[in-house]
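Here are my notes on the model, point by point. Have it open while you read.

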Amino acid sequence: MDNFDTLLTNVNRNYIYPPPEIEEVLNFFNSKKPMRDHTRCHAYKILRYSVAKECKRIGELNAILIGRATNHLWKNSTTQEKEEYFNLAQRKGNTFYQ
């Protein structure tokens with residue numbers, strides 16, 4: 001992809017909202033380097049995972065563009081969309097303490 005606007009045009013929001021299932025998020029974060037503080041997995045970080053996954057699907061691997069797209073989508077998300085990510089982050093955090 002050449003630029004940010006092209007990326008936003010090609011991103012399919014249906015792959016980002018609603019957020020992924022809890023099992024997918026747990027698998028992703030468990031596959032990474034050990035996190036010192038699992039409570040630091042917050043809604044924005046899960047959104048970034050979803051955006052990166054969608055960007056990879058359409059062939060965009062530029063981390064800067066993925067970050068910009070994540071910021072744009074977060075700022076332009078509805079309250080309901082953000083709430084779904086907040087709830088998922090809370091559920092993910094709770095799974096480490098059960």
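1. Let's start with tyrosine 44, which is partly exposed at a relative accessible area of 24%. For the cut-offs, buried means under 20% relative accessible area, exposed over 50%, and partly exposed in between (1.4 Å probe, protein chains only). Keep in mind that this is a predicted model, where local features need pLDDT of at least 70 and side-chain atom pairs count only at pLDDT 80 or more, while totals for chains, interfaces and linings use all residues. Numbering runs from 1 along each chain as its sequence is written, and side-chain values use heavy atoms, with hydrogens and water left out.

2. On to helix α3, residues 43-58 (helices are DSSP runs of H or I, at least four residues, numbered from the N terminus). Its 16 residues reach 23 Å from first C-alpha to last, close to the 22 Å expected at 1.5 Å a residue; that expected span is 1.5 Å times one less than the number of residues. Right after α3 comes glycine 59, with a positive phi near 95 degrees.

3. Which residues of α3 are buried? They are Ala43, Ile46, Leu47, Tyr49, Ser50, Val51, Glu54 and Cys55. Glutamate 54 has a relative accessible area of just 2%.

4. That buried glutamate 54 has a partner: arginine 57 forms a salt bridge with it, the closest N and O atoms being 2.7 Å apart. A salt bridge here is a side-chain nitrogen of Lys or Arg within 4 Å of a carboxyl oxygen of Asp or Glu. Arginine 57 and glutamate 54 both lie in α3, three residues apart, about one turn of the helix. Arginine 57 is partly exposed, at 47%.

5. How many salt bridges are there by this rule? The count comes to three. Another one joins the side chains of glutamate 24 and lysine 53 at 2.4 Å, N to O. This pair links distant parts of the chain, with glutamate 24 in helix α2 and lysine 53 in helix α3, 29 residues apart. Glutamate 24 is partly exposed at 25%, and lysine 53 is partly exposed at 45%.

6. Arginine 13 and glutamate 81 also meet in a salt bridge, at 3.0 Å, N to O. Here too the pair links distant parts of the chain: arginine 13 is in the loop between α1 (4-10) and α2 (22-31), glutamate 81 is in helix α5 (residues 79-95), and they are 68 residues apart. Arginine 13 is partly exposed at 32%, whereas glutamate 81 counts as buried at 14%.

7. Now the rings. The structure holds five aromatic pairs. Rings of Phe, Tyr and Trp (its six-membered ring) pair if their centres lie within 6.5 Å; planes under 30 degrees apart count as stacked, over 60 as edge-to-face and the rest as tilted. Among the pairs is phenylalanine 28 with phenylalanine 29, edge-to-face at 5.1 Å centre to centre and 80 degrees between the planes. Phenylalanine 28 is partly exposed at 25%, while phenylalanine 29 is buried at 7%.

8. Back to tyrosine 44: its ring and that of tryptophan 74 have centres 5.9 Å apart and planes at 85 degrees, so the pair is edge-to-face. Tyrosine 44 sits in helix α3 and tryptophan 74 in helix α4 (residues 63-75), 30 residues apart. Tryptophan 74 is buried at 17%.

Terms used
Helices (H or I, at least four residues) and strands (E, at least two) are DSSP runs, numbered from the N terminus.
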